[in-house]
Amino acid sequence: MKTLRIGDSGIGAQYLSLGLRRAGFSPGEIKTTFDENLHNALVAFQNNTGITADGIAGEMTYRNLMPYLKGYTVVSVKKNSSVQSIAKEYSTTENAILRANPTTETYLPGTQIIVPFGFDVVSTE
């Protein structure tokens with residue numbers, strides 16, 4: 001991914017906006033310009049994730065945004081976790097987790113599973 005900063009424009013800014021919106025840091029209207037609203041949303045996301053809050057979308061920002069852009073994350077099952085508790089933690093459904101892990105029969109601690117998020121991967125906006 002190309003490093004982006006305020007003043008840049010193009011599809012990268014639109015992609016960044018979409019990822020931030022899905023992560024809960026909406027920059028407002030999704031557009032192709034890296035404006036002040038996008039900058040403010042990015043800084044808030046960076047602060048929240050513990051990365052340097054410089055308002056520049058670089059490698060660490062994209063690494064932290066990638067699950068929201070892909071639509072899923074991979075998690076390690078914790079002790080005393082259930083499909084129901086994992087679904088609640090990630091705001092998804094039990095059925096979505098079961099469909100994403102068709103070969104997983106038991107969810108023992110340490111098992112890596114795919115947890116889809118509760119939004120469409122392809123934006124309908």
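Which residues are exposed on the other side of helix 2? The answer is E36, N47 and N48, where exposed means over 50% relative accessible area, buried under 20%, and partly exposed in between (1.4 Å probe, protein chains only). The structure is a predicted model, in which local features need pLDDT of at least 70 and side-chain atom pairs count only at pLDDT 80 or more, while totals for chains, interfaces and linings use all residues. Residues are numbered from 1 along each chain as its sequence is written, and side-chain values use heavy atoms, with hydrogens and water left out.

To set the scene, the protein has five helices and two strands, arranged along the sequence as α-α-α-β-α-α-β. These elements are DSSP runs numbered from the N terminus (helices H or I, at least four residues; strands E, at least two). The C-alpha atoms fill a box of roughly 50 × 30 × 20 Å along the principal axes. Of the 125 residues, 34% count as buried.

Helix 2 (36-49) repays a closer look. Its 14 residues reach 20 Å from first C-alpha to last, close to the 20 Å expected at 1.5 Å a residue; the expected span is 1.5 Å times one less than the number of residues. The buried residues of helix 2 are L38, A41, L42, F45 and Q46. Seen down the helix axis, they fall within an arc of 135°, so they line one face of helix 2; the arc is that of the directions from the axis to the C-beta atoms. An α-helix has 3.6 residues a turn, so residues three or four places apart point the same way. Cover for the buried residues of helix 2 includes helix 1 and helix 3 (59-70), with contact meaning heavy atoms within 4.5 Å.

Both ends of helix 2 offer some detail too. At its start, a side-chain oxygen of D35 comes to within 3.2 Å of the backbone nitrogen of N37. Just after helix 2, G50 adopts a positive phi of about 80°.

Turning to the preceding segment, I30 sits in the loop between helix 1 (11-22) and helix 2. I30 has a relative accessible area of 21% and is therefore partly exposed. Although I30 and L18 are twelve residues apart in sequence, their C-alpha atoms are 6.6 Å apart in space. R22, in helix 1, counts as buried because its relative accessibility is 15%. The R22 side chain reaches the backbone oxygen of L69 at 3.4 Å.

Technical notes: Polar contact = N/O pair within 3.5 Å; in protein donor to acceptor, adjacent residues only side chain to side chain.
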